[in-house]
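Good morning, everyone, and thank you for making room on the agenda. I would like to walk you through one structure, and please keep the sequence and the model in view while I talk.

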Amino acid sequence: MLLYSILSYLAAPFYLLGLYWRGNLGILRHRLGLVPRIQHPCVWIHAASMGEIASLHGLIEQLCAQNKHIVITTNTTTGFAYITTHFPHVTSAYLPLDTPTTLNCAFRRLHPTHVIITEAE
């Protein structure tokens, strides 16, 4: 675990510089943990790609029917576009980098009561 954290911190600057050079400042902010600030408890759902998000359609609708505030994070631009198109009533973001610093920042901004992580593979 320690080795993974060290390697994540070492690789992060190169990835973040690539985002900056390509002009993806919105993605860059989210990857740094600066996801939209939520003022009330939420359910945080992570789905890596569009297919995983599509498979959660029923769950997301049920949570919305219960008046739960939902934040959905993804890793891909197609997943992000799918969220904003099919679920305009939820908050969407890119998943922060897998480092303690960025994830702690995201947790402080979101205040999730539940975290649901999907994995289709």
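**The sheet and its surroundings**

Let me begin with a single pair of residues, since valine 43 stands opposite isoleucine 70 of strand E2. I should say at once that this is a predicted model, and what follows should be heard with that in mind.

The pair I just mentioned belongs to a wider arrangement, in which E1 and E2, the latter spanning residues 70-74, pair in the parallel sense over four bridges. On the other flank, E2 and E3 also run parallel, and four bridges join them. Two of the partners there can be named: threonine 91 in E3 is the bridge partner of valine 71, and tyrosine 94 in E3 is that of threonine 74. Taken as a whole, this is an open sheet of four strands in the order E3-E2-E1-E4, with parallel pairing. Its edge strands are E3, residues 91-94, and E4, each of which pairs on one side only. On average, and with direction ignored, neighbouring strands of the sheet are turned by 20 degrees against each other.

Now, is strand E2 mostly covered or mostly open? It is mostly covered, with five of its five residues buried. In a regular strand, side chains alternate between the two faces of the sheet. In E2, Ile70, Ile72 and Thr74 point one way while Val71 and Thr73 point the other way, and all of them are buried. E3, although an edge strand, is likewise covered on both faces, with Thr91 and Ala93 buried on one side and Ser92 and Tyr94 buried on the other.

Which helices lie across these strands? Helix H5, residues 77-86, lies across E2 and E3 and runs at about 175 degrees to E3. Helix H6 lies across E1, E2 and E4, and its direction is at about 145 degrees to E1.

**The largest pocket**

Let me turn to the largest pocket, which holds about 190 Å³ of space. The elements that contribute two or more residues to its lining are strand E1 (42-46), helix H6 (100-110) and strand E4 (112-117). Among the lining residues are Trp44, His46, Leu103, Phe107, Val115 and Ile117, together with Asp98 and Glu119. Sorted by class, the lining has eight nonpolar, two polar and two charged residues.

**Two arginines**

Arginine 31 lies in helix H2, which covers residues 25-31. Its relative accessibility is 8%, below the 20% cut-off, and therefore it counts as buried. Beyond its neighbours within four places in sequence, arginine 31 is in contact with Tyr15, Leu16, Leu19, Thr74, Asn75, Tyr94, Leu95, Pro96, Leu97 and Thr102. Two residues in that list have come up already, because Thr74 and Tyr94 are contacts of arginine 31 and are also bridge partners between E2 and E3. For a sense of distance, arginine 31 and proline 41 are ten residues apart in sequence and 21 Å apart in space, C-alpha to C-alpha.

Arginine 108, by contrast, is found in helix H6, and because its relative accessibility is 53%, over the 50% cut-off, it counts as exposed. Its C-alpha atom is separated by 20 Å from that of asparagine 75, the two residues being 33 places apart along the chain.

**Two positive phi values**

Finally, a word on the backbone. Most residues other than glycine have a negative phi. Where, then, does asparagine 67 lie, with its positive phi near 60 degrees? It lies in the loop between helix H4 (57-65) and E2, and asparagine 67 is exposed because its relative accessible area is 70%. Histidine 111 also has a positive phi, of about 55 degrees, although it is not a glycine. This histidine 111 lies in the loop between H6 and E4, and its relative accessibility of 42% is why it counts as partly exposed.

How values were computed
Residues numbered from 1 in each chain as written. Predicted model: local features only at pLDDT ≥ 70, side-chain atom pairs only at ≥ 80, totals over all residues. Heavy atoms only, no water. 1 Å grid on protein atoms, 1.4 Å probe; cavity = no way out; pocket = protein on both sides within 12 Å on 5 of 7 lines; lining within 4 Å. Points joined across faces, edges and corners; volume = space filled by probe spheres on them. Nonpolar A, V, L, I, M, F, W, Y, C, P; charged D, E, K, R; others polar. Axes fitted to C-alpha atoms, helices over the stretch in contact; angles between N-to-C directions. Contact = heavy atoms within 4.5 Å. Buried < 20%, exposed > 50% of the residue type's maximum accessible area, 1.4 Å probe, protein only.
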